[in-house]
Amino acid sequence: MKEYKWACIGCGHIANETAQAMKAAGRSFYGVYSRTYNKALSFAAEYGIEKVYESADGLFSDKDIDIVYVATPHNRHIEYILKAAESKKHILCEKAITLNSDELSRAVKACGDNGVILAEAMTVYHLPVLKEVSEYIKCGRLGRLKMIEVNLGSCKTYDMTNRFFNPALAGGAMLDIGVYALSFVRYFFSENASDISSVVKLAPTGVDEQAVLLLKNSKDEMAGVTLSLTAKLPRTAVASFENGYVQVESYNRSSYAEITFNNGDDPIIITSDKSVSPLIYEIKDMESAVSGDNGMHLDYTTDVMELMTKFRKEWGVIYPEEK
């Protein structure tokens, strides 16, 4: 496979984690841009990055760059996706890929018009454990999917100015952590949910602080999703079928899944190498997609964004860019 040159936009926590994953795999970003130039300089020095750009346009005009990794707050994603597409560069964008379905439609069209790959950096779609579980389900031994239960909750500092609660930074549980849970549901659903309902508690800033979501599709596959930014929840997911169930711990970064059968047959354990960062799997799958060897589940990303947009509309959670 060709050795692709990656550039990173943003130097926050997830960008550092991705750079660390690359370093552990013996590779590196080729270039980096941040609105704070000194942060980009420090980032480059720490991870052995060759080029630091003083402007985003400088990055996009660099013909050596093949793939742009966007790791900014959600509300800046669409701006950089469109510019990258116009520059004929492939894009791996952090979750949530855009603020809403309208933005994602614009992004998909721009990337299609310019012949570039667009993908969301969603670990759920790239973990070897979940890929193997998915393949096992196809053999039919578990039967039809009936119900999924998935949780994700964390205790964030109750500070209305930080990114988790700040509408100016597209805060709220849905775009920050709900996207993981809904992506897990969509990965195992045979089609997207068409019937949804929810209860929500809003933070004083107006963003969603915690919620319980219920989903059902036309095949009668159902899911319950519990999210919170102010209550720690076990990061577990259970997919129940006619003949057994699959339990996945730390499902957005899992290296372990267990399949249990209703008839008492020995369970099946599926594992992967814990020492490999889940982010590396995203990177490798993205490069394979650019090479034409596989897709990146943009169809699932589109379905999840549709659901998140509908839920937020029902709740009246509107970001400044959407007004």
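**Close-up views of a predicted model**

**View A. K219 is partly exposed, with a relative accessible area of 43%, in a structure that is a predicted model.** The side chain of K219 meets that of E191 in a salt bridge, with an N to O distance of 4.0 Å. K219 belongs to the loop between β9 (208-216) and β10 (222-228), and E191 to the loop between α7 and β8 (195-202), so the salt bridge ties together parts that are 28 residues apart in sequence. E191 also counts as partly exposed, at 24% relative accessibility. Elsewhere, R76, E79 and K83 are joined into one network by salt bridges that share partners.

**View B. E17 and R253 form a salt bridge in which the closest N and O atoms are 2.2 Å apart.** The two residues come from distant parts of the chain, 236 residues apart: E17 is in helix α1 (residues 13-24), and R253 is in the loop between β13 (244-249) and β14 (256-261). E17 has a relative accessible area of 19% and is therefore buried, since the cut-off is under 20%. R253, with a relative accessible area of 29%, is partly exposed. In the whole structure, the search finds 18 salt bridges.

**View C. A salt bridge joins the side chains of R163 and D176, at 2.8 Å from N to O.** R163 lies in the loop between β7 (145-155) and α7, whereas D176 is in helix α7 itself; this pair, 13 residues apart, links distant parts of the chain. The relative accessible area of R163 is 42%, and this residue is partly exposed. D176, in contrast, is buried, with a relative accessible area of 7%.

**View D. Helix α6 (residues 128-138) packs with helix α7 (residues 173-188) at an angle of about 30°.** Their axes are 11 Å apart. Because angles under 35 degrees count as roughly parallel, α6 is roughly parallel to α7. On the α6 side, the contact is made by L130, K131, V133, S134 and I137; on the α7 side, by F184, Y187 and F188. Of the residues in this contact, six are nonpolar, one is polar and one is charged.

**View E. The largest nonpolar core holds 89 residues.** The residues with the most contacts inside this core are I91, L213 and L215. Helix α7 gives the most to the core, with twelve residues. With residues up to four places away in sequence left out, L213 touches M174, L182, S197, S198, A223, G224, V225, L227, F311 and W315. There is also a second, separate core of 28 residues, which includes Y4, F43, A121 and M286.

**View F. D285 is placed in helix α8 (residues 278-290).** This residue counts as buried, at 13% relative accessibility. Its contacts, not counting residues up to four places away in sequence, are with H126, K131, N294 and M296. K131 also appears in View D, where it is one of the α6 residues that meet α7. The C-alpha atoms of D285 and V150 are separated by 25 Å, and these two residues are 135 residues apart along the chain.

Key. Residues numbered from 1 in each chain as written. Predicted model: local features only at pLDDT ≥ 70, side-chain atom pairs only at ≥ 80, totals over all residues. Heavy atoms only, no water. Axes fitted to C-alpha atoms, helices over the stretch in contact; angles between N-to-C directions. Helix = DSSP H or I, 4+ residues; strand = E, 2+ residues; numbered from the N terminus. Parallel < 35°, antiparallel > 145°, perpendicular 65-115°, else oblique. Contact = heavy atoms within 4.5 Å. Nonpolar A, V, L, I, M, F, W, Y, C, P; charged D, E, K, R; others polar. Core = buried A, V, L, I, M, F, W, Y, C linked by side-chain atoms within 4.5 Å. Buried < 20%, exposed > 50% of the residue type's maximum accessible area, 1.4 Å probe, protein only.
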